[in-house]
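Hi,

Here's the structure I said I'd pass along. Have a look at it first, then read on for what turned up.

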Amino acid sequence: MRKKIWWAFLLLLVTVTVILTGVIVRNHRHLENETQIPRVTQSNQRHITIKQRNKFINKISTPAVINFEKNRVVLPSVVIAQAILESQYGTSELYKLAKNPFGIKGSYQGQSMTFYTHEVEKGKTISVLARFRKYPNLQAAIMDHNQLVHRKFVRRKNVLSYRKTTRLLQKNGYATDPHYAQKLNRLIVKYKLGRYDLKALNDN
C-alpha cells in the first residue's frame, strides 16, 4: 500500500514539475520576444537641444512646404507639429528604424515594422502591439502622410486654418489622445510654425 502511495506521489510530483517547467519556458520566450520588439518612443529620451530641435524642424519643413505648394492639402505647420509630437523631435525608435515621423500604422508598399505603442481607451492609457508603416526615406513618409490626411481625416483641399486642420484630425480619429489637437496647436504657436504656412502661400 505504501509503495502505491509513494508511486502516486512521485507521479504527481513529476507531472507538476513538467507543467511548471512548461509555464516558465513559455513565459521566458514571451519575455524574450517582448524585449526584442521596440517601443515607438522610449521613456528615457535624452534632452533635446535647441540645435537638434531646429535641425529636425528644418528637415521636415522643406518638403512640407514644397508639398503644400503642389497640392494644397496639409499646411506645413501641421505636418511639422505632427512630426515633432509623434517622433519626439526625431528621437523615436519608429522614426530612427522606419523613417516614420507621424506614427502612421499599416504598411507602405508592403513594408512595415512592429512596435509597442500607447493608446488611450476609455480614458486609460494602455500599451498595445501594432504594425507601423516603414518608409525608404523622409520624403516618401511626408508624401504618404499628405495623401492619408487628405483621404481619411481632412478630406478637402485649401484648408488654410491650422486650428481647423488639427480639429479635423482629432475629430476623425487620427489619434486616440483626446488632447491631440490642443497639443499640436501649442507646438505650432510655441515654435511659430505658421511662418512656414505663409512661406508656402506666398511662394505660389
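Below are my notes on the cores, one helix and the aromatic pairs.

Keep in mind that this is a predicted model. Its largest nonpolar core has 41 residues, and Ile60, Ile84, Tyr174 and Leu193 have the most contacts inside it. Six helices, H2, H3, H5, H6, H7 and H8, each put in at least two residues, with H5 giving the most at eight. If you click on Ile84 and skip its neighbours within four places in sequence, you'll find it in contact with Phe56, Ile57, Tyr89, Leu187, Tyr191 and Leu193. There's also a second, separate core of five residues, among them Leu94, Ala98, Ala130 and Phe132.

Now H8. Its buried residues are Tyr196, Asp197 and Ala200. They sit on the same side of the helix, because they cover an arc of only 105 degrees around the axis. H2 and H3 are among the parts that cover them. Leu198 and Asn202 are exposed, on the face turned away from that buried side.

On to the rings: the whole structure has six aromatic pairs. Phe56 and Tyr95 are edge-to-face, since their planes are at 90 degrees, with centres 5.7 Å apart. That pair links H2 to H4, 39 residues apart in the chain. Phe56 counts as buried at 5% relative accessibility, and Tyr95 does too at 11%. Tyr108 and Tyr135 make a tilted pair, 4.8 Å centre to centre with 50 degrees between the planes, and both are buried. Finally, Phe153, Tyr174 and Tyr180 form one aromatic cluster.

Cheers

Definitions and conventions
Residues numbered from 1 in each chain as written. Predicted model: local features only at pLDDT ≥ 70, side-chain atom pairs only at ≥ 80, totals over all residues. Heavy atoms only, no water. Core = buried A, V, L, I, M, F, W, Y, C linked by side-chain atoms within 4.5 Å. Buried < 20%, exposed > 50% of the residue type's maximum accessible area, 1.4 Å probe, protein only. Helix = DSSP H or I, 4+ residues; strand = E, 2+ residues; numbered from the N terminus. Contact = heavy atoms within 4.5 Å. Arc of directions from axis to C-beta. Phe/Tyr/Trp six-rings, centres within 6.5 Å; stacked < 30°, edge-to-face > 60°.
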